[in-house]
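Student: I would like a close look at a single part of this model, the surroundings of the ligand, with enough of the rest to place that part in context.

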Amino acid sequence: MNISIITVGKLKEKYLKNGINEYIKRLGSYAKVEIVEVPDEKAPEQLSEAEMLQVKEKEGERILAKVSQDAYVIALAIEGEMWGSEKLAKELDKLATYGRSKVTFIIGGSLGLSTAVMQRSDAALSFSKMTFPHQLMRLILVEQVYRAFRINRGEPYHK
Ligand SMILES: C[S@@+](CC[C@H](N)C(=O)[O-])C[C@H]1O[C@@H](n2cnc3c(N)ncnc32)[C@H](O)[C@@H]1O
């Protein structure tokens, strides 16, 4: 399976980089994983609603330019559907069974994802009602994808 994770902005924190690289290395036995970073738009504190919409739309265009036509797209969104780890594992297994070998996860920028990105997505996945920083979200996501593959292979993984 080819997994792309499209994210907005550059990852700066070294501790997150190290954690993400570790999980990508571990995932190497199960899937090809790439992280695609698109540039973020400047979003100062005092933006109007219209300006915020513009930021999300611009970032959304950059994200959509990186999405393959045949990819199954899972957008990460606080208001999405809450899945357990087993459900994520089952969904990835189902996609592999039906020959959908390209799976793209999308993580939004500081203001979230545009309507166009949500419309292109096949599923919207929430990790809880809490808001996580988008850079930390990358680490949480790669760990859960790794866990999903371990579950699907029936391999031991601490609960
Ligand atoms: C800082 S959050 C954006 C917050 C923004 N106010 C919103 O409502 O989307 C940045 C990105 O991280 C991801 N994210 C943060 N918390 C999440 C959660 N609990 N579940 C799923 N995705 C989350 C989403 O992709 C989001 O667009």
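Before we turn to the ligand, what radius of gyration would a compact globule with 159 residues have, and what does the chain have?

Tutor: This is a predicted model, and your opening question sets the frame for the ligand site. A compact globule with 159 residues would have a radius of gyration near 15 Å, and the chain has 16 Å, which agrees with that expectation. Taken along the principal axes, the C-alpha atoms fill a box of roughly 50 × 35 × 25 Å, and buried residues account for 28% of the 159 residues in the chain. The chain contains five helices and five strands, which follow one another along the sequence in the pattern β-α-β-α-β-α-β-α-β-α. Among the contacts between residues at least 6 apart in sequence, 88% join residues at least 24 apart.

Within that framework, the ligand has 18 residues around it, and those that come nearest are Leu76, Gly108, Gly112, Phe127 and His134. Two elements, strand S3 (72-82) and helix H5 (134-152), each supply at least two residues of the shell, and S3 gives the most, with three residues. Leu76, one of the nearest residues, has a number that falls within the range of S3 (72-82), while His134, also among the nearest, carries the number at which H5 (134-152) begins. In terms of residue class, the shell around the ligand is made up of 11 nonpolar and seven polar residues, with no charged residues.

Technical notes
Residues are numbered from 1 along each chain as its sequence is written. This is a predicted model: local features need pLDDT of at least 70, side-chain atom pairs count only at pLDDT 80 or more; totals for chains, interfaces and linings use all residues. A residue is near a molecule or strand if its C-beta atom, placed from the backbone, lies within 6 Å of it. Helices (H or I, at least four residues) and strands (E, at least two) are DSSP runs, numbered from the N terminus. Ala, Val, Leu, Ile, Met, Phe, Trp, Tyr, Cys and Pro count as nonpolar, Asp, Glu, Lys and Arg as charged, and the others, Gly among them, as polar. The radius of gyration is taken over C-alpha atoms; the globule rule is 2.2 Å times the number of residues to the power 0.38. A residue is buried if 20 or more other C-beta atoms lie within 10 Å of its own, exposed if 12 or fewer, and partly exposed in between; C-beta atoms are placed from the backbone. Two residues are in contact if their C-beta atoms, placed from the backbone, lie within 7 Å.
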